[in-house]
Structures are given as structure tokens and as C-alpha cells.
Amino acid sequence: MSQKVAVLGTGKIGEALLSGMIRAGWAPADLLVTARRPERAEELRTRYGVSPATNAEAAKTADTLILTVKPQDMGALLDELAPHVPADRLIISGAAGIPTSFFEERLAAGIPVVRVMTNTPALVDEAMSVISAGSHATEEHLAHAEEIFGAVGKTLRVPETQQDACTALSGSGPAYFFYLVEAMTDAGILLGLPRDKAHDLIVQSAIGAAVMLRDSGEHPVRLRENVTSPAGTTINAIRELENHGVRAALIAALEAARDRSRELASGKKD
């Protein structure tokens, strides 16, 4: 943890990663941050004791650069960094849809790049971060990325060819659950419950179901069957979900998210 790490473009996810690293034992003196607005960088310095820097200063000083800017801003950031990044720096990209080759082509020859798709539960140390190696990244580089992102949740290594699918499943995944909770809350109101009570019922049910999925080792079908008694309430609800094509809609939605991730990789913006 004595290596210097810089988080470039420190927004919500970048800040969550920064605070998680400090809790995991990184010294604030070894952490640099950059931000578009000087007042944002100063806010991070005051809150965490880290050092604000320009992108060029971070590139010259840090051993690892974590790029957390939006995908559409990544090209401009690399143009700014390219004159200052030596080939021995580790580049970690958190940008959806952008392949490691995009970085390798724009930075020093042989530079190691690791691609990471994390998600917003990093804000509560429950992220799912999916890690892939670029052409020049070694086992040591991957382990270092796991150490960093392990500070805010769980990590998983996959081949880069699977990153778009992972973006659809876990990168965008929290939004699907929020959407489902929103719909179930509206249903609770329709059934006569106050919004706050409907919300509490659904959120606790979601937490309990997630813990059972994580800790029981049971297949979700088996867990669902344990709730589904013959001619009961649950099977009637499941029948309506199937009649309305909810399973097919979810599959189609995730395919659409994967396809958009591929479009982002190709540079398509609209």
C-alpha cells in the first residue's frame, strides 16, 4: 500500500473508492485526486486528507492512475495525459464500454491497462467490480486492482470479451432493482398501504432475499419454490408475471444494455 494511487475525475464512485481505500489502510498521503472544479478537489482534501493535483501532476507522480471520468470524456483525458504517462504506470479504467485497446493505442507502448466495471453499491461497500486485463497487464497488476476495488465490495475476474455482458448485468444492475422496488411500492399503494409502509416491506424483503441468495448456496428456483405453495398467493402472482412477459422483458432489457455498451466502445454517442 506504499505505492501512490491517483483517482482522476473524482465523482461519486471515485470518492467512494477513495474513502474505501482509506478505511482499508491506504495512507491519505499516498492518494492523489483530480477534479474538474478546484473547489471539488479542495473539498476532497479537507474531507480525507488526500492531495489534490492536476491530471498532468498525477500522471507524473502516481504509480497507479484510476480513470473514473465519463466514457465520452475519456478521449480528451488521454490526450492530456499522454505526454506525461511513462510506460511503467498502471492504468485502471472504470469507463463503461471502452476497451483496453483504446488506452493502449493512445498511451506509451507497452503500458499495462486493467479494465474495471464497478457499480453504485460501492457507496455502501457492497460493489460488484468486474476486472479484465489488457494486453500488457500481469498477474501483479490484476492483484493490485483487486486490492483497490476489494476495499468497496467484491471483485471478479473475467475475460475482456465478457465485459459488455457484465456491464449489462451488474454495472447497470442496481437500477433494475430500484425500478422493481419502485413498481412494487406503487402496487402496495394501489393495494391500500401507505407509501412508507409499502417501501419498508419491500426493501426488507429485498435485503432478506439477497442474503438468502448469497449465503444459502441454493439455486434461485429452489428458493422461489420454497415460497410457492400449491394454489396459493405466490403462484397466482408468478402466473401474472409470466403472462405479461416479465422474464422475456428482462432478457431483452439486458441485451439492450449490452448492445449499448458495445456501441460506446465503437464511439457511437447517440
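Two strands are said to pair if DSSP finds at least two bridges between them, a criterion that the first of the following legends, all drawn from a predicted model, relies on.

**Figure 1. Strands β1 and β2 run side by side in the parallel sense.** Strand β1, residues 5-8, pairs with β2 over four bridges, and within this arrangement V7 has V33 of β2 as its bridge partner. In a regular strand the side chains alternate between the two faces of the sheet. Strand β2, which spans residues 31-34, has L31 and V33 pointing one way and L32 and T34 pointing the other way, with all of these residues buried.

**Figure 2. P86 sits in the loop between α4 and β5.** The loop that holds P86 connects the helix of residues 74-81 with the strand of residues 90-93. P86 counts as partly exposed because its relative accessibility is 31%, a value that falls between the 20% limit for buried and the 50% limit for exposed residues. When residues up to four places away in sequence are not counted, P86 touches A59, A108 and I111. The C-alpha atom of P86 also lies 9.1 Å from that of A109, although 23 residues separate the two in sequence.

**Figure 3. A253 belongs to helix α12.** This helix covers residues 246-265, and A253 within it has a relative accessibility of 36%, so A253 counts as partly exposed. Along the chain A253 and L169 are 84 residues apart, while their C-alpha atoms are separated by 9.9 Å.

**Figure 4. The segment of residues 4-97 carries a domain annotation in UniProt.** The unreviewed UniProt entry lists these residues under "domain: Pyrroline-5-carboxylate reductase catalytic N-terminal". Over this segment the predicted chain is 41% helix and 19% strand, and the C-alpha atoms at its two ends are 27 Å apart.

**Figure 5. The protein as a whole, given as context for the close-up views, contains 12 helices and eight strands.** The C-alpha atoms fill a box of roughly 70 × 40 × 35 Å when taken along the principal axes, and buried residues make up 36% of the 270 residues. Of the contacts with a separation of 6 or more, 63% come from residues 24 or more positions apart. The protein exposes about 14900 Å², of which carbon and sulfur atoms supply 58%. Its side chains include 27 positive and 34 negative ones, and the centres of these two sets lie 3 Å apart.

Conventions. Residues are numbered from 1 along each chain as its sequence is written. This is a predicted model: local features need pLDDT of at least 70, side-chain atom pairs count only at pLDDT 80 or more; totals for chains, interfaces and linings use all residues. Side-chain values use heavy atoms; hydrogens and water are left out. Buried means under 20% relative accessible area, exposed over 50%, partly exposed in between (1.4 Å probe, protein chains only). Contact means heavy atoms within 4.5 Å. Accessible areas come from the Shrake-Rupley method with a 1.4 Å probe; for residues, only the protein chains shown count as cover. Lys and Arg count as positive and Asp and Glu as negative; His and the chain ends are not counted. The place of a charge is taken as NZ of Lys, CZ of Arg, CG of Asp or CD of Glu. UniProt positions are given in the numbering used here, feature names are shortened, and annotations may be inferred rather than shown by experiment.
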